[in-house]
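Please open the structure in your viewer and keep the selection panel at hand. This tour goes from one stop to the next, saying what to select and what is there.

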Amino acid sequence: MSIATLGAARIATETKTYFRSPDTLFFTFFFPFVMLAIFTAAFSAQGEVGPPGAEITIGAYYLPGMIAAGILLSGVQNLAVDIALEKGNGTLKRLGSTPLSPMSYFIGKIGQVFVTGALQAALLLLAGRLVLGIELPTEPGKWVTFAWVFVLGLVTSALVGIALSALPRSGKSATAVVIPTVLLLQFMSGVYLQWNMLPSWLQEIAGLFPLKWIAQGMRSVFLPEGWEVLEQNESWNLAGIAIALAIWLVVGLVLSRVTFRWIRRDA
Amino acid sequence: MTTNDVAVRVRDLQKTYGRKAAVDGVSFDIHHGETFALLGPNGAGKSTTIEILEGYRIRTGGDAHVLGVDPAKGGLDWKARLGIVLQSTGETGLLTVAEQLRHFASLYPNPRDVDEVIAAVGLEAQAKTRIGKLSGGQQRRVDVALGIIGRPELLFLDEPTTGFDPEARQQFWGLIRRLKAEGVTILLTTHYIEEAAQLADRAGVIAGGGLVALGGVDEIGGADARVPLVRWTDGTGSHEQRTEEPGLLVASLVGSLGREPDGLEVIRPSLEDVYLQLVRAAEPVPAREEVAA
């Protein structure tokens, strides 16, 4: 039996358990929807935002940020908590007793992130279009950018999540460690707070982490021309996004491979 | 004898954590088709020994072969020949019994039939129930089912019947006897000595990281340990005496006292009595409790 066949079997099982877990459904899958609704309701009284000539509704501004947040939650938060719990409650130990390769296990996790992350993004776009009446881009070039930022961002997030799962000392502490970290990243990466309102030193710090780049990529797709002047160096800097995410992908991959154990390391 | 003649061969096994020895010089063989019970108090080194043989932990010293393979280097092909029933876990149990077993069956090259395994552990009525909704004893049966779904040559059973009611335990024993009849080699640990006496051909008693007894379940501890014991109390205090002829001893006591002796007991040591003697003799056990986990 090949690594890929078992990986496919894992994807099916992983996705099934994801949708049966109420905590994950709320804090990972539906969280961006909740935040989009809250921010849209809270700030819509301010009217349209943006540089002169390129004003958009507050909902339209938040949509790309929430898609980026969804990528981070589906990958980093979901897997870091999920795998730490599986290590704590014996799920991993049991899988480690079977002829399942760790690679197939990784494929299952990344596949789960892909299926659920894609569904989440599609539903966010649908909700943005149908509920908030946001105009979605029509140029094919924008959707090409969307596709590669989405795929690169999701794979990177998944690998960083697998790597992070080695940190919590117990399954129970996983949510306490991971959720605040991820929340902090969302505040400083231009997801909850408008990116150009953040001080430049905070922007610099955010630039060390992948979410800032995913969010920037998504803004380049969904915000109209003219908004790029509010970015660092007044540019969408797609090349910078690709490089930053590629570096994090490699870091995540290496750390995942090095730190992964079916059981806790010997004392 | 080469390592291929036995299913498990352990020689002078050592495992130290820092300066503490959790396992210190354990040696035994398990023959093909044999059921071997490893007995011992909590923290004695049982779990560490088993986890080394299962490939989870790396030994510090000594030799181990499991199905002809060094467990520290066992690959996926080797794992496909093992079945492992771990001590009870706290998994979230979001899949149904049938879903979980079908998935695990798909991981093995030559699995047993899922419905047959569900029937063998007596969970037909719960097949479509999520595992998290089952009782503790029923979840333990799922653990056993997952351990045998891959048609293992060697089955590790780590305290398999914890949480079983007496009837479930009897059913479980029946299942293990059927597996034995199919030629499956079994390594069992249990706190129910009666269970070891029922199922095992041979047993090893581990205490303080070392093996203090090894032999057939009818012989372990030596012939002396199984000699009947007579206890009684008289004016000078309580007495106990081992004798092959307890009836004659009691008759002579009655004769000399001229009446019924106080607190009279005649004990034919069970495996449990022998076990407790062995473990007490091995005390004081140095503080090994911390390394038990």
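**Where the chains meet**

Begin by showing chain A and chain B together, which bury about 2,600 Å² between them, with 58% of it on carbon and sulfur atoms. Keep in mind, as you look, that this is a predicted model. If you now select the residues that make the contact, you will pick up 26 residues from chain A and 28 residues from chain B.

Next, turn to the charged pairs, for which the count between chain A and chain B is 4 salt bridges. One of them can be found by selecting Arg94(A) and Asp143(B), whose closest N and O atoms are 2.7 Å apart. Between the two chains there are also 9 residue pairs in polar contact, with both residues at pLDDT 80 or more.

Now colour helix 1 (3–19) and helix 4 (91–96) of chain A, each of which supplies at least two residues of the side that touches chain B. Helix 1 of chain A gives the most to that side, with 6 residues. Colouring this side of chain A by class should show 9 nonpolar, 10 polar and 7 charged residues.

**A stop inside chain A**

For the last stop, select Thr40(A), which has its place in helix 2 (residues 22–43) of chain A. Is Thr40(A) buried or exposed? Because its relative accessible area is 14%, which is under 20%, Thr40(A) counts as buried. A polar atom of its side chain lies 2.5 Å from the backbone oxygen of Leu36(A). Leaving aside neighbours within four places in sequence, Thr40(A) is in contact with Ile58(A), Gly59(A) and Leu132(A), so add these to your selection.

Definitions and conventions
Residues numbered from 1 in each chain as written. Chains lettered and ligands numbered in written order. Predicted model: local features only at pLDDT ≥ 70, side-chain atom pairs only at ≥ 80, totals over all residues. Heavy atoms only, no water. Contact = heavy atoms within 4.5 Å. Buried area = accessible area lost by both parts, 1.4 Å probe. Salt bridge = Lys/Arg side-chain N within 4 Å of Asp/Glu carboxyl O. Polar contact = N/O pair within 3.5 Å; in protein donor to acceptor, adjacent residues only side chain to side chain. Helix = DSSP H or I, 4+ residues; strand = E, 2+ residues; numbered from the N terminus. Nonpolar A, V, L, I, M, F, W, Y, C, P; charged D, E, K, R; others polar. Buried < 20%, exposed > 50% of the residue type's maximum accessible area, 1.4 Å probe, protein only.
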